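User: Please take a close look at one helix of this model and set it in the context of the salt bridges and the main pocket. I should like a connected account rather than a list.

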Amino acid sequence: MPAEFIWKNGEFIAWEAANVHVTTHALHYGSSVFEGVRAYATPKGPALFRLQPHTRRLVNSCKIARIALPWSEDEINAAIVETVRRNGHDSCYIRPVAMRGAGPLGVEGRKNPTDMFIFTMEWGRYLGAEAIEQGIDVQVSSWRRIAPDTFASMAKIGGQYVNSQFIKMEAADNGFAEGIALDYNGTVSEGSGENIFVIMDGVVYTPGTASSILVGITRDTVITLLKELGYEVRFEAIARDMLYIADEIFMTGTAAEVTPVRSVDRVPVGAGKRGPITKAVQDAFFAITSGSVEDRHGWLTPVRG
């Protein structure tokens, strides 16, 4: 079901009225930045998970993309909270998106105005309801991630997601839930929209920023939780063949949350099911997002009061 209200440029409009003109720059050249934020149901009502880091990344993405953003972080935070409140969600997915709007065509679009929308929707498990426990089957993609001198991997820019679409469509056509892309050096980068963690002999490995990854907020969350659980986390280049001999692999993202990988290129990961470290970090993550344990890091922003 679509939500009733969408925030546009400081005002609330009806869902059906949230349209853009065909000359909108972002439609032609991908000049948009966006975020994905989740609101979780808790005993105290809906709560946004790690709102401020998402807003900060949106602002930073605009800075990298040279997209003028007339609203402050505080104004965006308040608009997101109010959009969730007005739409009466217990839990939902929130998509803030800023884009170069309608105006003259041409690759140089900085004379076009900036439009910003915030909309919400009910959204369950991105990779399937059963994926959290059973895991997913993935392939190593033939598509590589962007090189650092071609695009800006630390920015969440709409046009860059054509690369993600190629990875995801290839995986779907080949019968997999997701793809894992290699970086420009041929080492492991990330999925189409998820960061990756590889576990061997009790040590957790994840690619660093030099591997063309988007620095994920759920990734950062999981790193904190892993360290609290007593696990060593190493930021290293990961060879493709390490995926085939790993004890556990999981992927993280706002949409994917914490999703186990049970096979890579049809080679089972470990026992071919969710492993104990993956389950431990899942339990810690969902305990906080559900409000069943103390929010000791201040990661939840309540919508009601």
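Analyst: The account below begins with helix H8 and then turns to the salt bridges and the largest pocket.

The model is predicted, and every value given here is computed from it. Helix H8 covers residues 276–289, 14 residues in total. From its first C-alpha to its last, H8 reaches 20 Å, close to the 20 Å expected at 1.5 Å a residue. H8 is largely enclosed by the rest of the structure, because 10 of its 14 residues are buried. Among them are Ile-277, Val-281, Phe-285, Phe-286 and Ile-288. Thr-278, Gln-282 and Thr-289 are buried as well. After the helix comes Gly-291, which has a positive phi, near 80 degrees.

Two residues of H8 form a salt bridge: the side chains of Lys-279 and Asp-283 meet at 2.8 Å, N to O. Their positions in H8 are 4 residues apart, so about one helical turn separates Lys-279 from Asp-283. In general, an α-helix has 3.6 residues a turn, so residues three or four places apart point the same way. Neither partner counts as buried, the cut-off being under 20% relative accessible area: Lys-279 is partly exposed at 36%, and Asp-283 is partly exposed at 40%.

The structure holds 15 salt bridges. One of these joins the side chains of Arg-38 and Glu-257 at 3.9 Å, N to O. Arg-38 belongs to strand S4 (residues 37–42) and Glu-257 to strand S15 (residues 257–264), so this pair ties together parts 219 residues apart in sequence. Arg-38 is buried, with a relative accessibility of 7%, and Glu-257 is buried at 1%. By contrast, the salt bridge between Glu-108 and Arg-110, at 2.7 Å, N to O, has exposed partners: the relative accessible area of Glu-108 is 51%, and Arg-110 stands at 54% relative accessibility. Glu-82, Arg-85 and Arg-86 are linked in a network of salt bridges.

The largest pocket contains about 670 Å³ of space. Its lining comprises 36 residues, and Phe-34, Lys-156, Tyr-161, Ser-192 and Gly-193 lie nearest the centre. By class, the lining has 17 polar, 11 nonpolar and 8 charged residues. Helix H5 (161–173) is one of the elements that supply at least two lining residues, and H5 gives the most, with 5 residues. Helices H2 (51–65) and H6 (217–228) each supply at least two, as do strands S6 (92–100) and S14 (248–253).

Technical notes. Residues are numbered from 1 along each chain as its sequence is written. This is a predicted model: local features need pLDDT of at least 70, side-chain atom pairs count only at pLDDT 80 or more; totals for chains, interfaces and linings use all residues. Side-chain values use heavy atoms; hydrogens and water are left out. On a 1 Å grid over the protein atoms alone, a cavity is a set of points where a 1.4 Å probe fits but cannot get out, and a pocket is an open set with protein on both sides within 12 Å along at least five of seven lines; lining residues have an atom within 4 Å of a point. Grid points are joined across faces, edges and corners, and a volume is the space filled by probe spheres set on the points. Ala, Val, Leu, Ile, Met, Phe, Trp, Tyr, Cys and Pro count as nonpolar, Asp, Glu, Lys and Arg as charged, and the others, Gly among them, as polar. The expected span of a helix is 1.5 Å times one less than its number of residues. Buried means under 20% relative accessible area, exposed over 50%, partly exposed in between (1.4 Å probe, protein chains only). A salt bridge is a side-chain nitrogen of Lys or Arg within 4 Å of a carboxyl oxygen of Asp or Glu.
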